[in-house]
Amino acid sequence: MQNICNFQLEKATPVKEADGVLYEYRHSATGARLLFLKTENQNKLFSVTFKTIPEDHTGVFHILEHSVFCGSEKYPVKDPFLEMEKGSVNTFLNAMTFPDRTVFPVSSRNEKDFRNLVSIYLDAVFRPCIYKNEAVFMQEGWHYEFGEESISLNGVVFNEMKGVEASVDSRMQQTMMELLFPDTCYRFLAGGKPADIPKLSYEAYLSAHKKYYRPGNAVFYLEGALELPEIVSMIEEYLASASTSETEDFEAALQPKIAPRTLKLTYPVMEDGPIEEQWFYEFGKILDDPDASEEEQLIKVSAGKILTDYLTGSMEAPLQQGILMNQLGQGVEMTVDTSLRQSYLSLKVRNSTAE
């Protein structure tokens, strides 16, 4: 493998688990990264990921994730996502908002279908119609609806997050993030809080797209038995007009050590329902130490995963058994989350009592 278009090959690493080789490229003009895992797998995968660092609870990146698939310059149809689902033989088709990044993955076993999907995804993220059509923001984000006697708020993401907020698990998860990461972007709900989503203006929404959906902030990933030069030339079309002057590195900050904190919340239950065993508990701890080496971090996280699986990984696990047998709760879940810049451990006990 050699340099392709303006992508310079930096590293090639055999990956035994995938029976392939991982090639790492850097775009000379914009700094965009390209990772290609070359394998014999006929299921071809493409994704583009942007670091998206929230600064509030307005859910701007969640709304943008929805919005970019509401038409683009090359594909000015109302709902390209729906058209792809109807007319494609894709094996995966989605978009996802994480606390510090937004990911747009798609895959197909058919070569022509795969190229079409890559083209649609690239045009969607880099040239969406949101700048010419404010109605997309109102539809996917929020807007007022005027009834005969009332005014209400509506919007795809707004309504979706109202459902999320109604979940006890979701509310506990968000509160845990605010307690564990009070000084970083992880304290914000990337999906958006219903009370804060209407604070987002159309101008701020467009500004977020301009700032974060840029070539220099993109990581492209390809995998499978595919012709790399053809796909890279499609990517290059969207990078050609950008330059290094538009490059800015976005990174989630690390959370310094803080003293342990506790917080008690309430949630609604059925009016006539029992409340004695409706208590939920969650305990969290950051495992990563900013001052530790990468090897030390890896050992700690690996040990944490082994311990959590041993303690709660099955109904016969000792901590699971101890809580159930002693009627301290109706279930326990212990996990190590490694999806953020800092890994953390979480222990949840469901349907317990105040005592």
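In this predicted model, D337 sits across from Y344 of strand β13. That pair is a handy way into the sheet, since β12 and β13 make up a hairpin, with six residues between the two strands. The pairing of β12 with β13 is antiparallel and runs over seven bridges.

The hairpin is part of a bigger arrangement: an open sheet of three strands, ordered β11-β13-β12, with antiparallel pairing. The edges are taken by β11 (279-286) and β12 (331-337), each of which pairs on one side only. On average, neighbouring strands here are turned by 10° against each other, ignoring direction. On the other side of the sheet order, β11 pairs with β13 (residues 344-352), again in the antiparallel sense and over seven bridges. Within that pairing, W279 faces S352 of β13. As a reminder for anyone looking at the side chains, those of a regular strand alternate between the two faces of the sheet.

Two helices go with this sheet. Helix α6 (residues 168-180) packs on it and touches β11 and β13, with its direction at about 35° to that of β11. Helix α10 (residues 318-325), for its part, lies across β12 and β13 and runs at about 150° to β12. So much for the sheet and its helices.

Following the chain on from α6 leads to a loop, and T184 is found there, between α6 and α7 (202-212). Is T184 buried or exposed? With a relative accessible area of just 1%, T184 is buried, the cut-off being under 20%. Leaving aside residues up to four places away in sequence, T184 touches A253, L254 and Q255.

Helix α7 comes up again around helix α1 (residues 60-67). How many of the eight residues of α1 are buried? The count is eight of eight, so α1 is largely enclosed by the rest of the structure. The buried residues are V60, F61, H62, I63, L64, E65, H66 and S67, a list that takes in charged and polar side chains as well as nonpolar ones. What do they pack against? Their partners are two strands, β6 (96-97) and β7 (101-108), together with the helices α4 (134-140), α5 (156-165) and α7. In an α-helix there are 3.6 residues a turn, so residues three or four places apart point the same way.

The surface has its own feature to look at. Y144, F146 and I151 together make a nonpolar patch of about 390 Å². Of these, Y144 belongs to strand β8 (residues 143-146). Y144 counts as partly exposed because its relative accessibility is 47%, and that class lies between 20% and 50%.

Stepping back to the whole protein chain, there are 10 helices and 13 strands. The C-alpha trace spans about 65 × 65 × 40 Å along its principal axes. Of the chain's 355 residues, 44% count as buried. The chain exposes about 19200 Å², and carbon and sulfur atoms supply 52% of that area. As for how the chain meets itself, take the contacts with a separation of 6 or more: residues 24 or more positions apart account for 68% of them.

How values were computed
Residues numbered from 1 in each chain as written. Predicted model: local features only at pLDDT ≥ 70, side-chain atom pairs only at ≥ 80, totals over all residues. Heavy atoms only, no water. Pairing = 2+ DSSP bridges. Helix = DSSP H or I, 4+ residues; strand = E, 2+ residues; numbered from the N terminus. Axes fitted to C-alpha atoms, helices over the stretch in contact; angles between N-to-C directions. Contact = heavy atoms within 4.5 Å. Patch = residues over 30% accessible without salt bridge, like charges linked within 9 Å, V, L, I, M, F, W, Y side chains within 5 Å. Areas by Shrake-Rupley, 256 points an atom, 1.4 Å probe, with all protein chains shown as cover. Salt bridge = Lys/Arg side-chain N within 4 Å of Asp/Glu carboxyl O. Buried < 20%, exposed > 50% of the residue type's maximum accessible area, 1.4 Å probe, protein only.
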